[in-house]
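Open the model in your viewer and keep the sequence panel in sight. The tour moves from the whole chain to a few selections.

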Amino acid sequence: MKQKSILCAAGMAVLLVSACGRQEKQLEYIGASQAKSLALEASGIVASQAEFTSVDMSEQNGQDYYEVEFTALGADYSYDIDALTGVIIEADVPDAGIQQKGNAADDLIPDEAAKNEIRMDGGNQTETGTISEQEAKTSALAHAGLTEEQVSFLKCGLDQDDGRTVYETEFYTADGKEYDYEIDAFTGKVVSYDYDAESVVPPDTNKDSSITEQEAMELALAQVPGASMDDIWEFETDHEDGRIEYEGKIRYDGMEYEFEIDAYSGAFRSWEAELMDHSD
């Protein structure tokens with residue numbers, strides 16, 4: 001009898017630990033309630049007009065997300081929302097121009113054929129419900145700290161990246177720096193970015209000293225407010241075409257940053273940033 005009691009107690013302990021573990025992971029998610037609020041915000045629908053039909057958790061390619069579906073004014077709305085970041089991955093919404101049937105608001109119905117259509121406006125291809133190319137450019141430029149007069153754009157267009165609709169935006173500056181951005185097509189947020197210093201001042205090989213590893217790490221951390229030395233996951237000294245440079249990675253607040261720094265001048269030769277894969 002005593003042995004049976006001990007086994008029962010051990011079983012309860014395992015269940016409690018397991019439950020705590022699940023609860024701790026759940027705390028990382030934004031939650032179903034927040035997912036519903038984000039969907040309403042994106043649609044421009046007020047809560048009193050919406051009737052939610054489902055809010056389910058799904059997973060694809062290691063990414064957990066909420067599938068939020070609701071109806072409002074006779075139209076169906078569906079949003080896939082990243083469970084960790086709250087970023088809208090995909091949206092299935094009616095066209096902004098809905099057809100009126102009668103005078104009552106409840107009789108308004110969407111043009112079903114216009115859902116997720118691709119239309120041409122002035123030569124610029126836009127997807128229903130997305131921001132415009134100009135808004136994507138503005139978001140990228142604001143993040144880079146540049147103005148449109150300081151850059152030349154190579155391209156800006158819609159693309160799909162791991163199920164997410166993004167604007168791929170590339171531009172360069174007069175001093176030879178090339179920037180590549182992915183901008184979420186629905187929210188305007190930066191998904192990933194990098195830049196390459198195509199024309200860096202050649203190193204002075206007669207120079208007696210270069211920046212130290214410590215100084216290089218501090219330069220990199222200065223680009224990520226809040227990050228510390230503990231957030232540097234990789235760091236090494238490399239030789240590239242006769243040039244000494246420092247390479248490393250920083251992981252902080254759900255983002256991974258990869259950098260290359262010229263050891264003589266302290267200039268960034270490249271900088272990349274992207275959302276971390278939470279399955280790692």
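The stops below go from the overall fold to one helix and then to one loop residue.

**Whole chain.** Select the protein chain, and keep in mind that this is a predicted model. Coloured by secondary structure, the chain shows four helices and 14 strands. Of its 280 residues, 36% count as buried. Now show the surface: the chain exposes about 16400 Å², and carbon and sulfur atoms supply 47% of that area. Among contacts with a separation of 6 or more, 38% join residues 24 or more positions apart.

**Helix α4.** Next select residues 213-221, which form helix α4. Which residues of this helix are buried? They are Ala 216, Met 217, Ala 220 and Leu 221. Turn the view to look down the axis of α4: the buried residues fall within an arc of 135 degrees, so they line one face of the helix.

**Ala 263.** Now move along the chain to Ala 263, in the loop between β13 (255-262) and β14 (268-275). Is Ala 263 buried or exposed? With a relative accessible area of 1%, Ala 263 is buried, because the cut-off for buried is under 20%.

**Around Ala 263.** Keep Ala 263 selected and add Ser 210, Ile 211, Ile 244, Glu 245 and Tyr 246. These are the residues in contact with Ala 263 once its neighbours within four places in sequence are left aside. Finish with a distance between C-alpha atoms: Ala 263 and Glu 245 are 4.7 Å apart in space, while 18 residues apart in sequence.

Note on methods
Residues numbered from 1 in each chain as written. Predicted model: local features only at pLDDT ≥ 70, side-chain atom pairs only at ≥ 80, totals over all residues. Heavy atoms only, no water. Helix = DSSP H or I, 4+ residues; strand = E, 2+ residues; numbered from the N terminus. Buried < 20%, exposed > 50% of the residue type's maximum accessible area, 1.4 Å probe, protein only. Contact = heavy atoms within 4.5 Å. Arc of directions from axis to C-beta. Areas by Shrake-Rupley, 256 points an atom, 1.4 Å probe, with all protein chains shown as cover.
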